[in-house]
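Open the model in your viewer and switch to a cartoon view. We'll walk along a sheet, look at the helices beside it, and finish in a pocket and two loops.

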Amino acid sequence: MLCHFSEISQVRQPRWKLAATALVLIVGQLPALANGQGEPAVRSATVARDVNGFHLGMPIAEARKLADLEYIGGDQFEATVDGFQYNFGVTPAGRIYRVQSSQSLGRFNVDRTFVQTLKQKLSAKYGPPISEYADVFSWEIIEDVTMPDGNRGPFRTMWMTAMIGGHETDRTLDITLIDFRILWADQASVNRAPRAQAEDRIAF
């Protein structure tokens, strides 16, 4: 089954934190897909894999050197730095697999000139988006993923969205950057030893 997150991608400020919560709920359904998944391939939907230095795969200990992080439950951490609000998804091994940011841009009207400037700046860092609609820009990779039952199907394993959020009195730039392959690799790694122990305990 091809999984898309368009409903999340369209979330606007001030509901960007709800998007993070929705992602957590989706991630809770993913570990079963981790069987057979290894480390993320070199292939990336974007040229850069960070937002202001917070990059995918970064150990949370390194992220703490860039900002004071607050643990808010589940796999989520938050931080506020220099006009940016961040929400991070962290793997069981302590690596960042999701970066969400919301940057305050101030009060102004979004027009074509601004959208074109935004596209140019995004493209310079992340590469040209593969799709755009109004002020929403997207990058993605769709790969075959092995399911627990052995079947393979397409899944959006790594993606990014950038969009204008907020309202006229406080516009924001909202970015989501996520790589599920990092999560799956760490879930599989953490599960390997207890799984082996469980296999050794099997008796009839």
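How many bridges join β3 to strand β4, and do the two run parallel or antiparallel? Select residues 76-81 for β4 and look across to β3: 3 bridges join them, and the strands run antiparallel. Keep in mind as you click around that this is a predicted model.

**The whole chain**

Zoom out for a moment. The protein has 204 residues, and 47% of them are buried. Its secondary structure comes to 5 helices and 10 strands. Among contacts with a separation of 6 or more, 59% are between residues 24 or more positions apart.

**Along the sheet**

Now colour the strands of the sheet. It is an open sheet of 8 strands, paired antiparallel, and the order to follow is β3-β4-β5-β6-β10-β9-β8-β7. The edges are β3 (70-73) and β7 (131-133); each has a single partner strand, so one side of each is left without a neighbour in the sheet. Turn the view along the sheet to see the twist, which averages 20° from one strand to the next.

Start at the β3 edge. Show Y71 as sticks and you'll find it opposite F77 in β4.

Next, step from β4 to β5 (84-90). These two pair in the antiparallel sense over 6 bridges, and V81 stands opposite F84 in β5. They form a hairpin with 2 residues between them. Click on D82 in that turn: its phi is positive, at about 50°.

Stay on β5 and switch on the surface. The strand is mostly covered, with 6 of its 7 residues buried.

Moving on, β5 pairs with β6 over 7 bridges, again in the antiparallel sense. Two pairs to show as sticks are Q85 opposite S102 and F88 opposite V99. This hairpin has 5 residues between its strands, and G94 in the turn has a positive phi of about 85°.

From β6, cross to β10. Here 8 bridges join the antiparallel strands, and if you select R98, its bridge partner in β10 is I178.

**A tyrosine to stop at**

Is Y97 buried or exposed? Select Y97 in strand β6. Its relative accessible area is 0%, so Y97 counts as buried. Then add L183 and draw a C-alpha to C-alpha distance: the two are 86 residues apart in sequence but 6.0 Å apart in space.

**The helices on the sheet**

Which strands does α4 touch? Show α4 (112-126) together with the sheet, and you'll see contacts to β6, β7, β8 (136-146), β9 (152-167) and β10. The direction of α4 makes about 40° with that of β8.

Now bring up α5, residues 180-201. This helix lies across β6, β8, β9 and β10, and it runs at about 125° to β9.

**Into the largest pocket**

Hide the rest and select Q103, L118, K121, L122 and L173. These lie nearest the centre of the largest pocket, which is lined by 14 residues. Its volume is about 310 Å³.

Which elements give two or more residues to the lining? They are β6 (96-106), α4 and β10 (170-179). The largest share, 7 residues, comes from α4. Colour the lining by class and you get 9 nonpolar, 3 polar and 2 charged residues.

**Two loop residues to finish**

Something to bear in mind for these last stops: most residues other than glycine have a negative phi.

Go to N52, in the loop between β1 (50-51) and β2 (54-55). Its phi is near 55°, a positive value in a residue other than glycine. With a relative accessible area of 42%, N52 is partly exposed.

Then jump to A134, in the loop between β7 and β8. Phi of A134 is near 55° and thus positive, and this residue is not a glycine either. Is A134 buried or exposed? Its relative accessibility is 57%, and the cut-off for exposed is over 50%, so A134 counts as exposed.

Note on methods
Residues are numbered from 1 along each chain as its sequence is written. This is a predicted model: local features need pLDDT of at least 70, side-chain atom pairs count only at pLDDT 80 or more; totals for chains, interfaces and linings use all residues. Side-chain values use heavy atoms; hydrogens and water are left out. On a 1 Å grid over the protein atoms alone, a cavity is a set of points where a 1.4 Å probe fits but cannot get out, and a pocket is an open set with protein on both sides within 12 Å along at least five of seven lines; lining residues have an atom within 4 Å of a point. Grid points are joined across faces, edges and corners, and a volume is the space filled by probe spheres set on the points. Helices (H or I, at least four residues) and strands (E, at least two) are DSSP runs, numbered from the N terminus. Ala, Val, Leu, Ile, Met, Phe, Trp, Tyr, Cys and Pro count as nonpolar, Asp, Glu, Lys and Arg as charged, and the others, Gly among them, as polar. Two strands pair if DSSP finds at least two bridges between them. Axes are lines fitted to C-alpha atoms, for helices over the stretch in contact, and angles run from 0 to 180 degrees between N-to-C directions. Contact means heavy atoms within 4.5 Å. Buried means under 20% relative accessible area, exposed over 50%, partly exposed in between (1.4 Å probe, protein chains only).
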